[in-house]
Amino acid sequence: MDLDAVTKQSALHAKPDGLTLQYGTAGFRTKAEHLDHVMFRMGLLAVLRSKQTKSTIGVMVTASHNPEEDNGVKLVDPLGEMLAPSWEEHATCLANAEEQELPRVLLDISEKAAVNLHQDAFVVVGRDTRPSSEKLSQSVIDGVTVLGGQFHDYGLLTTPQLHYMVYCRNTSGRYGKATIEGYYQKLSTAFVELTKQAFCSGDDQRTLKVDCANGIGALKLREMKHYFSQGLSVQLFNDGTEGKLNHLCGADFVKSHQKPPQGIEMKSNERCCSFDGDADRIIYYYHDADGQFHLVDGDKIAALISGFLKEPLLEIGDSLSLGVVQTAYANGSSTRYLEEVMKVPVCCTKTGVKHLHHKAQEFDIGVYFEANGHGTVLFSKAAEMKIKQLAEELEEDKKRKAAKMLENVIDLFNQATGDAISDMLVIEAILALKGLTVQQWDALYTDLPNRQLKVKVADRQVISTTDAERQAVKPPGLQEAINELVKKYRLSRAFVRPSGTEDIVRVYAEADSQQSLQNSS
């Protein structure tokens with residue numbers, strides 16, 4: 001490690017005085033003009049992580065659903081998963097080190113993580129369409145090269161596509177080809193195979209309007225759509241030709257404002273969906289005949305997918321475990337539907353995709369979606385092997401078809417991470433196979449009225465929680481007061497939890513009616 005070269009190069013990416021950032025679930029995010037030094041240093045860190053794991057590591061330059069002026073960066077671990085928690089701490093420490101401390105911090109991380117500095121390193125880089133992303137991704141590459149790491153710059157990619165590339169490279173191509181064409185072919189082939197026998201009640205059911213949030217999803221979906229054009233026609237809106245990234249559009253806008261994005265025309269009962277800026281979230285919605293807006297969020301996506309998966313699992317008669325993972329924000333009606341109607345086990349975990357992902361790995365087939373539309377289905381290696389084996393060996397036609405259907409679903413999901421394009425194709429395949437309209441899907445259960453608030457506080461650490469953030473343990477008396485209020489209303493619940501990054505407390509409440517909800521608020 002040539003620390004003199006690092007010091008010299010770092011001076012060209014100098015850290016602003018007094019700036020402190022925290023690596024969280026979404027990596028680093030802030031105004032783009034404050035991130036040059038962070039990007040350079042994450043290039044350094046990616047090389048150390050690559051040397052330690054003897055694997056390809058990914059670096060994605062994006063701020064997802066944040067405004068266009070922001071940017072961010074996150075590292076992708078060897079199997080396409082998020083960075084290990086111990087390395088999140090290293091990332092924070094490295095990003096916040098003053099210039100003169102940088103060599104010492106790099107050596108300290110190398111010693112603590114037992115990095116073999118003579119090991120080769122390889123890093124892949126991707127970026128979204130923000131005006132700042134190209135320059136910032138070059139800063140990452142500067143960090144990689146000064147430590148002697150090799151790199152491949154994929155340029156413009158969705159975040160899930162970069163996760164896919166990392167996974168492919170570290171499984172020697174067994175997961176798929178580490179090219180954008182490989183990604184398109186893998187997903188579209190599985191979609192076409194899965195929908196061959198689909199029942200379709202009319203051409204309109206196979207047309208989908210997609211709000212791309214003026215982001216990278218538009219570019220990639222436009223490139224991909226001819227691969228599956230016979231099975232699904234997608235119409236792109238907010239495609240980046242005009243309008244700002246995530247401004248009055250995108251999954252986060254639709255979810256939080258409970259209304260359609262600007263720039264999309266909706267007819268009655270048309271299926272529409274929105275991606276977020278880096279295409280790792282998806283939300284569905286429609287207008288009914290009376291012009292009423294209906295949101296079909298991540299909870300209903302999880303209900304649709306888990307219900308679909310249960311049928312072929314029962315058909316093949318295997319004992320593979322299927323479970324759904326939710327957070328405290330999941331609507332109570334969705335939990336009751338899954339447990340009482342679908343008879344699918346549900347468990348709750350702390351907010352944040354990394355917690356959901358980890359918990360989902362406890363099942364042979366784990367389904368997780370946050371209400372905001374970020375999620376996927378994870379198949380364990382044992383389940384994957386078992387299903388592929390059954391698809392080849394089962395003699396009874398109906399059972400073999402069921403196993404083959406599950407095999408196609410495995411190939412269709414980007415299991416490395418939540419992926420709006422992958423999720424969209426799975427949802428469209430299920431709706432086509434089951435002959436469901438978006439209204440019928442929405443009618444699986446009725447959401448309980450709910451409300452979320454953010455309350456600014458002087459110190460968020462005065463509140464701490466347990467039971468997957470559903471119960472407050474301090475300050476004393478807070479949970480008791482919530483319990484007394486909740487008792488007064490039918491099917492009601494409420495919780496408070498501190499933000500992970502800022503001095504804000506988030507409050508959630510739901511009840512059997514809007515009147516009860518208003519009274520409890």
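Tutor: Two strands pair if DSSP finds at least two bridges between them, and a strand itself is a DSSP run of E, at least two residues, numbered from the N terminus. The model here is predicted, with local features needing pLDDT of at least 70 and side-chain atom pairs 80 or more, while totals for chains, interfaces and linings use all residues. Residues are numbered from 1 along each chain as its sequence is written, and side-chain values use heavy atoms, without hydrogens or water.

Student: What makes β15 and β19 a pair?

Tutor: The bridge count does: 7 bridges join β15 to β19 (residues 504–510), and that satisfies the "at least two" rule. Within this pairing, N450 is matched with E510 and K456 with I504. The two strands run antiparallel.

Student: How do you know that β18 pairs with β19?

Tutor: Run the test again: 6 bridges link them, antiparallel, so they pass. One of the matches is F495 with Y508. Put together, you get an open sheet of 3 strands in the order β15-β19-β18.

Student: Why do β15 and β18 stand at the edges?

Tutor: β15 (450–456) and β18 (493–498) each have a single partner strand, so one side of each has no neighbour in the sheet. From one strand to the next, the twist averages 15°, using axes fitted as lines to C-alpha atoms, with angles from 0 to 180 degrees between N-to-C directions.

Student: Why is β19 called largely enclosed?

Tutor: Buried means under 20% relative accessible area (exposed is over 50%, partly exposed in between; 1.4 Å probe, protein chains only). In β19, 5 of the 7 residues are buried, so the rest of the structure largely encloses this strand.

Student: How do you know where the second largest pocket lies?

Tutor: Look at who lines it. A pocket is an open set of points on a 1 Å grid over the protein atoms alone, with protein on both sides within 12 Å along at least five of seven lines, and lining residues have an atom within 4 Å of a point. Domain 1 (3–156) and domain 3 (298–419) both contribute to the lining, so the second largest pocket lies between them; the domain bounds come from an automatic or database assignment.

Student: Which residues lie nearest the centre of the second largest pocket?

Tutor: L79, Y167, H357, Q361 and Q415, out of 30 lining residues. The volume of that pocket, the space filled by probe spheres set on the points, is about 830 Å³.

Terms used
Helices (H or I, at least four residues) and strands (E, at least two) are DSSP runs, numbered from the N terminus. On a 1 Å grid over the protein atoms alone, a cavity is a set of points where a 1.4 Å probe fits but cannot get out, and a pocket is an open set with protein on both sides within 12 Å along at least five of seven lines; lining residues have an atom within 4 Å of a point.
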